[in-house]
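Me: I have a model open and want to learn to read its features. Take me through them one at a time, please.
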Amino acid sequence: MDDSNIMGATLPVDANRAGPSTLVKAGDSPLLVDCGRGALMRAAAAGVGAANLTALLLTHLHSDHITDLSDVITTRWVTTFMPTPLPIIGPPGTKAVVEATLAALAPDISYRIAHHADITEPPSVQVHEYTEGQVWDGDEVRIAVAPTDHRPVEPTIAFRVEYESNSVVLAGDTVPCATLDQLARGADALVHTVIRKDLVALVPRQRLKDILDYHSSVEQAAATAARAGVNTLVLTHYVPPLAPGEEDQWRALAANEFRGRVELGDDLLRVTIG
Ligand SMILES: [Zn+2]
Ligand SMILES: [Zn+2]
């Protein structure tokens, strides 16, 4: 196994893959879940700009999931003409990260306020920190949160988004856990980050093997989907990157545990539920 191949799936730059991010389009409410590298470029390709976002949801504060937080905040700010605060929902610690991001943006914020007559205020965000419960009860969309297990990274959360009679659960990075099982119960779809433990275990470097500690394998994610009784499992955040021609291997591993529909979450894959 080539180390660079494994590394390509985590922090170092992959020429073909943007960072972790999932856009949930529920009616007229686009929700961006995590904002890894290139999230707004991929959202633009899906027809959604930062100004259109109803909310940004963060499963956890690992850097690869929030790389483009400053881009989301700034781009929304400068492309919105009737400024509406961006709700950001994340685990405890999110507020401090957003405040630090705004502090880092201070020069840019001062330049733009000085230059544009119609920009008089800094970016407006509303941060909400949760570990569990019903956290959003909008006209169209309901969002619930439950803790996941990505230790030593904690706290981390998963989201369940409901729209009309449809529901999707976004697990983020986690090992199997009862709280995720409960959140996902009866949902239409589960979006789950996965690693190939069989491949990662072959890598000689311990630092790479460390990721085995706190991610689900394809089989574990599939077993979670089966326990929850979802119809569709979307695999994302592959480690190592899914090489062309290996699709059937990944599907077969999932099919060992889960009999429903399995989708491989390549960039810009669109899955319709309901
Ligand atoms: Zn993580
Ligand atoms: Zn991750």
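**Reading accessibility, salt bridges, zinc sites and helix packing**

Me: What is the relative accessible area of Arg-17?
Reply: Arg-17 has a relative accessible area of 22%. The buried class is under 20% and the exposed class over 50%, so Arg-17 counts as partly exposed. Keep in mind that this is a predicted model.

Me: Which residue forms a salt bridge with Arg-17?
Reply: Start with the idea. Side chains of opposite charge can pair when their charged atoms come close. Here the partner is Asp-267, with the closest N and O atoms 2.7 Å apart. Now check the sequence positions. Arg-17 sits in the loop between helix H1 and strand E1, while Asp-267 is in the segment after strand E12. The two are 250 residues apart, so this pair links distant parts of the chain.

Me: Which other salt bridge does Asp-267 form?
Reply: Asp-267 also pairs with Arg-42, again listed at 2.7 Å between the closest N and O atoms. Arg-42 lies in helix H2 and Asp-267 in the segment after E12, so the bridge ties together parts that are 225 residues apart in sequence. Taken together, Arg-17, Arg-42 and Asp-267 make a network of salt bridges. Check the surface too. Asp-267 is partly exposed at 25%, and Arg-42 is partly exposed at 28%.

Me: How many salt bridges are there in the whole structure?
Reply: A full search finds 9. One of them joins Asp-149 and Arg-151, at 2.8 Å from N to O. Asp-149 is buried, with a relative accessible area of 17%.

Me: Now the metals. Which residues coordinate the zinc ion (ligand 1)?
Reply: Look for the donor atoms. They come from His-60 (NE2), His-62 (ND1), His-150 (NE2) and Asp-173 (OD), at 2.1 to 2.3 Å. Along the chain their spacing reads H-x1-H-x87-H-x22-D. His-62 is in the loop between strand E3 and helix H3, and Asp-173 in the loop between strand E9 and helix H7. These two donors are 111 residues apart.

Me: Why is the site of the zinc ion (ligand 1) irregular?
Reply: Compare angles. Ideal angles are 109.5 degrees for four tetrahedral donors. The 4 donor atoms here give angles of 93 to 153 degrees. A tetrahedral call needs all angles between 85 and 135 degrees, so the upper end of this range rules it out.

Me: Which residues coordinate the zinc ion (ligand 2)?
Reply: His-65 (NE2), Asp-173 (OD) and His-237 (NE2) do, at 2.1 to 2.2 Å. The spacing is H-x107-D-x63-H. His-65 is in helix H3 and His-237 in strand E11, 172 residues apart.

Me: Which residue bridges the two zinc ions?
Reply: Asp-173 does, and the ions lie 3.4 Å apart. Asp-173 is buried, at 2% relative accessible area. Among the other donors, His-65 is buried at 1%, and His-237 is buried at 11%. His-62 counts as partly exposed at 23%.

Me: Last one, helix packing. At what angle do the axes of helix H4 and helix H6 cross?
Reply: Read the distance and the angle together. The axes come within 12 Å and cross at roughly 5 degrees. H4 and H6 are therefore roughly parallel to each other.

Me: Which residues of H4 and H6 meet?
Reply: From H4, Thr-74, Trp-77 and Val-78. From H6, Asp-108, Ile-109, Arg-112 and Ile-113.

Notes. Residues are numbered from 1 along each chain as its sequence is written. Chains are lettered from A and ligands numbered from 1 in the order in which they are written. This is a predicted model: local features need pLDDT of at least 70, side-chain atom pairs count only at pLDDT 80 or more; totals for chains, interfaces and linings use all residues. Side-chain values use heavy atoms; hydrogens and water are left out. A salt bridge is a side-chain nitrogen of Lys or Arg within 4 Å of a carboxyl oxygen of Asp or Glu. Helices (H or I, at least four residues) and strands (E, at least two) are DSSP runs, numbered from the N terminus. Buried means under 20% relative accessible area, exposed over 50%, partly exposed in between (1.4 Å probe, protein chains only). Donors are N, O and S atoms within 2.8 Å of the metal (3.2 Å for Na, K and Ca); water is not among the atoms, so sites may look incomplete. Four donors count as tetrahedral if all angles lie between 85 and 135 degrees; four count as square planar and six as octahedral if opposite donors are over 155 degrees apart and all others between 65 and 115; anything else is irregular. Axes are lines fitted to C-alpha atoms, for helices over the stretch in contact, and angles run from 0 to 180 degrees between N-to-C directions. Angles under 35 degrees count as roughly parallel, over 145 as roughly antiparallel, 65 to 115 as roughly perpendicular and the rest as oblique. Contact means heavy atoms within 4.5 Å.
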